[in-house]
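Have the viewer open and your selection tool ready. We will go from stop to stop, with something to pick at each one.

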Amino acid sequence: MKYSISKGTIVRTIMVFIVIINIVLEKLGLDIINTNESAVAGIVEVIIEVGSIIASWWYNNSYTELARKADRFFAACKDLEKTEN
């Protein structure tokens, strides 16, 4: 079962943390963080998009020796499959 968290859930969670931080900052007499839900949603969206791009780039390229070894093994299996047919 694949579990997925919605963007709205992430935004609401971040907003709760910002509220908690603002309460602490206010009690300490410091400046609070001024933000709104749409700004946080935009930031979350950018982070998700950049994360997706980096993940797809990383997983579609063989950087480690183990990954290159797996590529060679996969190619050998494909070649073996072609000769058997």
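Start by selecting Asp71. With a relative accessibility of 41%, Asp71 counts as partly exposed, because that value falls between the 20% and 50% limits. Keep in mind as you look around that this is a predicted model.

**Stop 1: around Asp71**

Asp71 sits in helix 3. Now add Asn61 to the selection and draw a distance between the two C-alpha atoms: Asp71 and Asn61 are 10.0 Å apart in space, with their positions 10 residues apart in sequence.

**Stop 2: the charged side chains of helix 3**

Stay on this helix and pick Glu65. Which residues does Glu65 pair with in salt bridges? One partner is Arg68, with 3.2 Å between the closest N and O atoms. Another is Arg72, where the closest N and O atoms are 3.1 Å apart. Show Glu65, Arg68 and Arg72 together, since shared partners join these three into one salt-bridge network. The structure holds two salt bridges.

The spacing is worth a look too. Glu65 and Arg68 are about one helical turn apart, because they are three residues apart in helix 3, which covers residues 65-84. As a general rule, an α-helix has 3.6 residues a turn, so residues three or four places apart point the same way. Opposite charges can pair when the charged atoms of their side chains come close.

Are these side chains buried or exposed? Glu65 is partly exposed at 46% relative accessibility, Arg68 is partly exposed at 34%, and Arg72 is partly exposed at 48%.

**Stop 3: along helix 2**

Next, select residues 37-59, which make up helix 2. Helix 2 has 23 residues, and from its first C-alpha to its last it reaches 32 Å, close to the 33 Å expected at 1.5 Å a residue. To get a feel for the distances here, pick Val40 and Ile53: they are 13 residues apart along the chain, and their C-alpha atoms are separated by 20 Å.

Which residues of helix 2 are buried? They are Val40, Ala41 and Val44, and the buried residues of this helix pack against helix 1.

**Stop 4: Val40, Val44 and the core**

Zoom in on Val40. Its relative accessibility is 6%, so Val40 counts as buried. Leaving aside neighbours within four places in sequence, Val40 is in contact with Val11, Ile14, Met15, Ile18 and Thr35. Then move to Val44, which touches Lys7, Ile10, Val11 and Ile14 when residues up to four places away in sequence are not counted.

Now select Val11, Met15, Ile18, Val40, Ala41 and Val44 together: these six residues are the largest nonpolar core. Helix 1 (7-27) and helix 2 are the elements that give two or more residues to this core. In soluble globular proteins, nonpolar side chains tend to be buried together.

**Stop 5: a nonpolar patch on the surface**

For the last stop, turn on the surface and colour Val16, Phe17, Ile20, Ile21, Val24, Leu28, Leu30 and Ile33. These residues form a nonpolar surface patch, with about 740 Å² of accessible area together. Pick out Ile21, one of the patch residues. Ile21 lies in helix 1, and with a relative accessible area of 40% Ile21 is partly exposed.

Definitions and conventions:
Residues numbered from 1 in each chain as written. Predicted model: local features only at pLDDT ≥ 70, side-chain atom pairs only at ≥ 80, totals over all residues. Heavy atoms only, no water. Helix = DSSP H or I, 4+ residues; strand = E, 2+ residues; numbered from the N terminus. Buried < 20%, exposed > 50% of the residue type's maximum accessible area, 1.4 Å probe, protein only. Contact = heavy atoms within 4.5 Å. Core = buried A, V, L, I, M, F, W, Y, C linked by side-chain atoms within 4.5 Å. Patch = residues over 30% accessible without salt bridge, like charges linked within 9 Å, V, L, I, M, F, W, Y side chains within 5 Å. Areas by Shrake-Rupley, 256 points an atom, 1.4 Å probe, with all protein chains shown as cover. Salt bridge = Lys/Arg side-chain N within 4 Å of Asp/Glu carboxyl O. Expected span 1.5 Å × (residues − 1).
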